There are 2 protein chains.
Amino acid sequence: MTEKAVARSRGAEEAEERADAERNRGRLLGLLGYFLRRADVYTFQSFNAHMAEDRISPGQLGVLLMAEANPGINQTRLGKALGIDRSTLVAMIDLLESRALVARTPSATDRRSHALKLTRQGEAFLKAMQPRLARHEAELARNLSAAERRLLMDLLARIAPS
Amino acid sequence: MTEKAVARSRGAEEAEERADAERNRGRLLGLLGYFLRRADVYTFQSFNAHMAEDRISPGQLGVLLMAEANPGINQTRLGKALGIDRSTLVAMIDLLESRALVARTPSATDRRSHALKLTRQGEAFLKAMQPRLARHEAELARNLSAAERRLLMDLLARIAPS
DNA sequence: TATTGTTATACTCTATAACTATA
DNA sequence: TATAGTTATAGAGTATAACAATA
C-alpha cells in the first residue's frame, strides 16, 4: 500500500466514522415501537424473499392456516381472528379461490355465510411450501436460541391482545 | 338468576366455546412472524390513537428524532438509517417542512444535498408530544416489567440487522 | 333490526425508474 | 461516471360506507 493509498484509506475510514456518527439513532433506541417496526419490516421482506415462488402474502397464508385449523369457519369470524376487516378479506379469498386453494361452500345453518374450507390443492400447497416457510422462520430466529425464540413469542403475545 | 336465565347463560357460554373453537389459530401459533405482525399492527393502532392530536405517523416521528440526534444529516443517509427509500422520504419531509418542524438547509460541503435540521418549532413539538408518546409506550409495555421490556427490545434487535 | 358477504372508493405506505443538478 | 434530491407512477395493504340477501 502506497502512502497515498493509506491516506485515502484513512480518509475513507474517517468518512465511515462520520457516517456512523450521522446515524446515531438517538431517542429511537428507547422506543419499543421502533424495534417492533424494524423487526416487522425485516420479517415482511424475508417472507417475500423466501416464499417468492409460492406467490403468497403473509396475510393470505394466515387465511389458509386458519381455514386449515377451522374447517367451515365463515369470513367474518376468520377476519376477526386475524384482525382483518371482512371487506378486505373478500379480495384475498377471491384470489385464493381462483387458485383453488380454498373453497366457499354453502353453510348448513346460515344461508348468508360461506363455510370456508381448504381444498386438497390447498393442503398440498401448505405441504409444498412448508420447507420454505421453515427456512424463513429459521432466518428470523438465526440469532436466537430455541428458548429465546419461544420467549420472544410469549413477550410479543403480551403486547397484542389474544 | 332464574332457571331460564341460567339456561340462556349456559347457551351463551356454549356459543362462546364454539366461537373459540372456530378461532383455533392452529399452526399460526408456532410462527414467530405471526406474533411479530400482530404486535406491530397493535402498535401502529395504539400509536395513532395516542398521537391523534399530533397528526404524525410513526415514520414521520422517526425522521424528526433522527434529525434531532443528527443535525445536518442528509436525506439519503437518514433514509438508509431508517430503512426508507429516499424517494419515499421526499414527501415525508415536505410535510414536516410545511409544518415548519424540520428545515432543509444548504449543505456547506455538497451543493447536491440538504442538511436537515430540527427547527425550534420541531423541538417544541417533540417536547409537547412527549407525554403522549410515553403513554403509548406504556400501553405497549402494560403487561411487561421494565426488565422484560428491555429484553424484548434486545431480542427484536437481533431479528432486524442494526 | 342485525348480520354476512359484497362492491365502490379512498387513503397510507412504499418502491422503481427516470430526470436535474451537482460531484 | 456516480450521487442527492426529485417526480411520476404503480403496487400492496387496509378501512369506511352502503347495498342485497338472509337471520
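**Exercises: protein contacts with two DNA strands**

A phosphate oxygen of DNA strand D is 2.8 Å from a polar backbone atom of Arg111(A), a polar contact (a pair of N or O atoms within 3.5 Å). This is a predicted model, in which local features need pLDDT of at least 70, side-chain atom pairs count only at pLDDT 80 or more, and totals for chains, interfaces and linings use all residues. Residues are numbered from 1 along each chain as its sequence is written, chains are lettered from A and ligands numbered from 1 in the order in which they are written, and side-chain values use heavy atoms, with hydrogens and water left out.

**Exercise 1.** Describe the protein surroundings of DNA strand D.

*Solution.*
1. A residue is near a strand if one of its heavy atoms lies within 4 Å of it.
2. There are 20 residues around DNA strand D, and Ser87(A), Arg111(A), Gln75(B), Thr76(B) and Arg112(B) come nearest.
3. Sugar or phosphate accounts for 57% of the strand D atoms within 4 Å of the protein, and bases for the rest.
4. Besides Arg111(A), the backbone offers a polar atom of Asp85(A) at 3.2 Å from a phosphate oxygen of strand D, and an N or O atom of Thr76(B) at 2.6 Å from a phosphate oxygen.

**Exercise 2.** Identify side-chain and backbone contacts with DNA strand C.

*Solution.*
1. In the side chain of Thr76(A), an N or O atom is 2.6 Å from a phosphate oxygen of strand C.
2. Asp85(B) places a polar backbone atom 3.1 Å from a phosphate oxygen of strand C.
3. A base nitrogen of strand C is 3.2 Å from a polar side-chain atom of Thr88(B).

Key:
Polar contact = N/O pair within 3.5 Å; in protein donor to acceptor, adjacent residues only side chain to side chain.
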